[in-house]
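Reader: I would like to go through this structure with its terms made explicit. Could you set each value against its definition before drawing a conclusion?

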Amino acid sequence: DLRLAREAYNRREYRECLKHLPRAMLRERLVVQGMVRYDDPLRALQCVPHHTRSLWVTAFQSYVWNFMATQRIERHGLEPVPGDLITWAEVKPDVETTDQLQGAAEEEPAQGAVDGAASCVTTSPPPARQSAPRVEVVAWDGVAVHPVLDRAPTMQEVVLPLPGSDSMYPGGQASDIAESYKTMLSSFGVDFSAAAAAQRGKGAEKVARGAYRTVIQVPSDLTWGPLQADQPGGVGATFSFSLGSGSYATICIREILRSEASLAASGAVVESAP
């Protein structure tokens with residue numbers, strides 16, 4: 001029973017919590033087993049394979065980025081404004097300043113590691129990989145032009161950060177977006193810079209350094225057409241297109257379906273943002 005498991009966890013009765021936690025909840029059981037063994041939240045989380053922890057952080061970064069991209073367009077439109085972050089290069093959708101979390105996928109734990117707290121061992125990050133190539137990201141002053149093409153930046157060259165300890169944020173006319181980042185992260189109790197400072201030199205856990213994604217990613221190979229549904233009177237449509245690495249069709253689907261639920265949920269945590 002999850003209610004009994006949650007109540008036992010809140011009482012710090014971790015062995016009792018394990019009795020009620022379904023065996024199918026493998027990762028949750030690993031964390032609770034870690035609390036039994038270490039009574040330390042960080043070391044308990046490190047019982048979960050590093051690749052899985054990295055995915056959790058990346059998912060949170062993308063969640064914040066999606067909301068901020070919507071805010072940027074709603075507040076400032078589809079043209080660059082002074083203070084926007086831009087890159088003059090022909091950027092890829094996800095321009096990493098460094099490895100977000102260094103390391104590659106690890107093997108999932110053996111089945112025995114799920115059943116007994118004594119089998120829970122912390123998993124360390126794999127050896128550091130070489131950082132991804134750097135692409136210069138600058139704050140546009142509203143005047144600068146492309147050094148080769150002699151033109152102002154386009155919206156396809158405007159980027160927003162996946163939040164991290166090394167991320168730059170917009171300024172100038174777009175400084176309200178930076179404040180919204182701060183408000184949203186604070187609402188979750190997240191401070192990447194403070195976390196990086198706390199872990200510096202300890203080697204205990206890598207902290208996401210951040211990355212940048214273009215606000216507008218134009219799909220290629222776009223085709224669409226009507227599709228007759230099985231039920232009488234029902235119609236639908238099929239869409240096919242290609243996106244670069246690191247880009248997903250989340251916002252495209254939201255706009256097609258005109259779904260507001262995800263926006264409403266996200267908006268609740270940034271009501272006080274400018």
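Author: What follows is a set of questions on how the descriptive terms apply to this chain. The model is predicted, so that local features need pLDDT of at least 70 and side-chain atom pairs count only at pLDDT 80 or more, whereas totals for chains, interfaces and linings use all residues. Residues are numbered from 1 along each chain as its sequence is written, and side-chain values use heavy atoms, with hydrogens and water left out.

Reader: How do you know where confidence in the chain is highest and where it is lowest?
Author: The term is pLDDT, the predictor's confidence in each residue, from 0 to 100. On that scale the chain has a mean of 78, with 72% of its residues at 70 or more; confidence is highest in helix α7, at 96, and lowest in helix α6 (residues 112–115), at a mean of 40. Helices here are DSSP runs of H or I with at least four residues, and strands are runs of E with at least two, numbered from the N terminus. By that rule the chain has 10 helices and seven strands.

Reader: What makes residues 261–274 a stretch to read with caution?
Author: Over residues 261–274 pLDDT stays under 50, although the model has 23 contacts there beyond four places in sequence, a contact being heavy atoms within 4.5 Å. Where pLDDT is low, the predicted coordinates should not be read in detail.

Reader: How is the packing of α5 and α7 described, and which way is the crossing handed?
Author: Two packed helices are described by the angle between their axes and the distance between the axes. The axes are lines fitted to C-alpha atoms, for helices over the stretch in contact, with angles from 0 to 180 degrees between N-to-C directions; on that basis α5 (residues 50–76) and α7 (residues 175–187) come within 10 Å and cross at roughly 145 degrees. The crossing of α5 and α7 is right-handed, where left-handed would mean the near helix turned anticlockwise from the far one by less than a right angle, and right-handed means clockwise. Among the residues that meet are Phe-60, Trp-65 and Arg-72 in α5, and Ile-177, Tyr-181 and Leu-185 in α7.

Reader: What makes both faces of strand β5 count as covered?
Author: Buried means under 20% relative accessible area, exposed over 50%, and partly exposed in between, with a 1.4 Å probe and protein chains only. In β5 (residues 211–214), Ala-211 and Arg-213 on one side and Tyr-212 and Thr-214 on the other are all buried, so both faces meet the definition of covered by buried residues. Strand β4 (residues 158–162) runs antiparallel to β5 and is joined to it by four bridges, which satisfies the requirement of at least two DSSP bridges for a pair.

Reader: Why is Asp-150 called exposed, and why is Phe-241 called partly exposed?
Author: Asp-150 has 62% relative accessibility and therefore counts as exposed, whereas Phe-241, at 25%, is partly exposed because that value falls between the two limits. Phe-241 is found in strand β7 (residues 235–242), and Asp-150 lies in the loop between β3 (138–139) and β4.

Reader: What makes the phi of Asp-39 worth noting?
Author: Most residues other than glycine have a negative phi. Asp-39 has a positive phi of about 50 degrees although it is not a glycine, and Asp-39 lies in the loop between α3 (26–38) and α4 (41–45).
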